[in-house]
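Let's take a walk through this structure together, starting with the whole chain and ending with single residues. Please open the view below and keep it beside the text.

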Amino acid sequence: MAEPRWLDEQERHSWLSFLVMHAKLTAELHRQLRADHGLSLADFDVLAQLTEAPEGTVRALELGRSLQWEKSRLSHHLKRMEQRGLIRREDCLEDSRGAMVVATDLGRQTIEQAAPGHVETVRDLVFDQLTKREVETLGRIADKVLARLPQTKPSRRRSS
C-alpha cells in the first residue's frame with residue numbers, strides 16, 4: 001500500500017481553516033434567517049431553487065439532486081415546509097411518476113422578504129473584506145474543486 005500523501009503545513013492550515021469557516025458561516029447564515037424570518041438555511045435553499053425555476057416549479061427528484069439531499073431528507077423537509085404553507089406538492093402531469101414542488105404565494109413572499117438580509121449578511125461576512133481579485137480567485141478555486149467532484153446523485157444509504 002502506498003504511503004499517504006499527507007498535507008503539508010500550509011495545506012493543513014488552509015484545509016482546517018476552510019472547514020471551520022464553512023461550519024461557522026453556515027451556522028451564522030442559519031441564525032440570521034431564523035431570527036429575521038423564521039426560515040432555516042435549508043428552507044431558504046429550497047425556496048431559492050423554486051423561485052429561480054420557471055413558474056416556481058421543480059420536479060422533486062431534480063430538487064433533491066440540486067440540493068444534494070437524500071430522498072428521505074427531501075421528503076421530510078418538504079412536508080414541514082408544506083405544513084407551514086411555503087410550498088405545495090403536485091402530481092407531475094407529464095408522466096405521473098414524480099411530484100412537482102411549487103412555491104406558494106407565501107413562499108415567494110417569504111423569500112422576497114428574506115433575500116435582502118441574507119445577501120447583506122453574505123456580503124458582510126464574506127465579500128466586503130475581499131478584494132475584487134480575491135473574489136475572482138475564490139470563484140476560480142470553487143470552479144476547479146467542483147469540476148473534480150462527481151456529478152452523481154446523493155447516496156441512498158441510510159444513516160444510523
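A good place to begin is with contacts across the chain: of those with a sequence separation of 6 or more, 53% are between residues 24 or more positions apart. Please keep in mind that this is a predicted model.

Now for the elements themselves. The protein has six helices and three strands, and their order along the sequence is α-α-β-α-α-β-β-α-α. If you set a box along the principal axes, the C-alpha atoms fill roughly 55 × 45 × 30 Å.

Next, the surface. The accessible surface amounts to about 12,100 Å², and carbon and sulfur atoms make up 54% of that. Of the 160 residues, 25% count as buried. On the charged side chains, you will find 26 positive and 25 negative ones, with the centres of the two sets 6 Å apart.

Which helices supply at least two residues each to the lining of the largest pocket? The pocket holds about 1,300 Å³ of space, and 26 residues line it, with F18, M21, H22, L138 and A142 closest to its centre. The helices in question are α1 (9-37), α2 (41-52), α5 (105-125) and α6 (132-148). Of these, α1 gives the most, with nine residues. As for how such a space is found at all, rolling a probe the size of a water molecule over the atoms shows where empty space is left.

From the pocket, let's turn to single residues, beginning with H77. This histidine sits in helix α4, which spans residues 71-83. Is H77 buried or exposed? Its relative accessible area is 7%, so H77 is buried, given that the cut-off for buried is under 20%. Setting aside neighbours within four places in sequence, H77 contacts S40, A42, D43, V46 and W69.

Helix α5 offers a pair to look at side by side. T110 belongs to this helix, and so does V119. T110 is buried because its relative accessible area is 11%, whereas V119, at 45%, is partly exposed. Beyond residues up to four places away in sequence, T110 touches L39 and L86. For V119, try a distance instead: its C-alpha atom is 25 Å from that of E62, a residue 57 positions away along the chain.

Moving on to helix α6, you will find K132 there. With a relative accessible area of 66%, K132 is exposed. If you trace from K132 to R59, the two are 73 residues apart along the chain, and their C-alpha atoms are separated by 37 Å.

Our last stop is the backbone of two loops. E55 lies in the loop between α2 and β1, the latter covering residues 57-59. Although E55 is not a glycine, its phi is positive, at about 60°. The residue is also exposed, with a relative accessible area of 75%. Where does Q68 lie? Q68 is in the loop that joins α3 (60-67) and α4. Its phi is near 65°, again a positive value in a residue other than glycine.

To retrace the route, you might go back to the pocket and its lining from α1, α2, α5 and α6, then step out to the exposed K132 and the exposed E55.

Conventions:
Residues are numbered from 1 along each chain as its sequence is written. This is a predicted model: local features need pLDDT of at least 70, side-chain atom pairs count only at pLDDT 80 or more; totals for chains, interfaces and linings use all residues. Side-chain values use heavy atoms; hydrogens and water are left out. Helices (H or I, at least four residues) and strands (E, at least two) are DSSP runs, numbered from the N terminus. Buried means under 20% relative accessible area, exposed over 50%, partly exposed in between (1.4 Å probe, protein chains only). Contact means heavy atoms within 4.5 Å. Accessible areas come from the Shrake-Rupley method with a 1.4 Å probe; for residues, only the protein chains shown count as cover. Lys and Arg count as positive and Asp and Glu as negative; His and the chain ends are not counted. The place of a charge is taken as NZ of Lys, CZ of Arg, CG of Asp or CD of Glu. On a 1 Å grid over the protein atoms alone, a cavity is a set of points where a 1.4 Å probe fits but cannot get out, and a pocket is an open set with protein on both sides within 12 Å along at least five of seven lines; lining residues have an atom within 4 Å of a point. Grid points are joined across faces, edges and corners, and a volume is the space filled by probe spheres set on the points.
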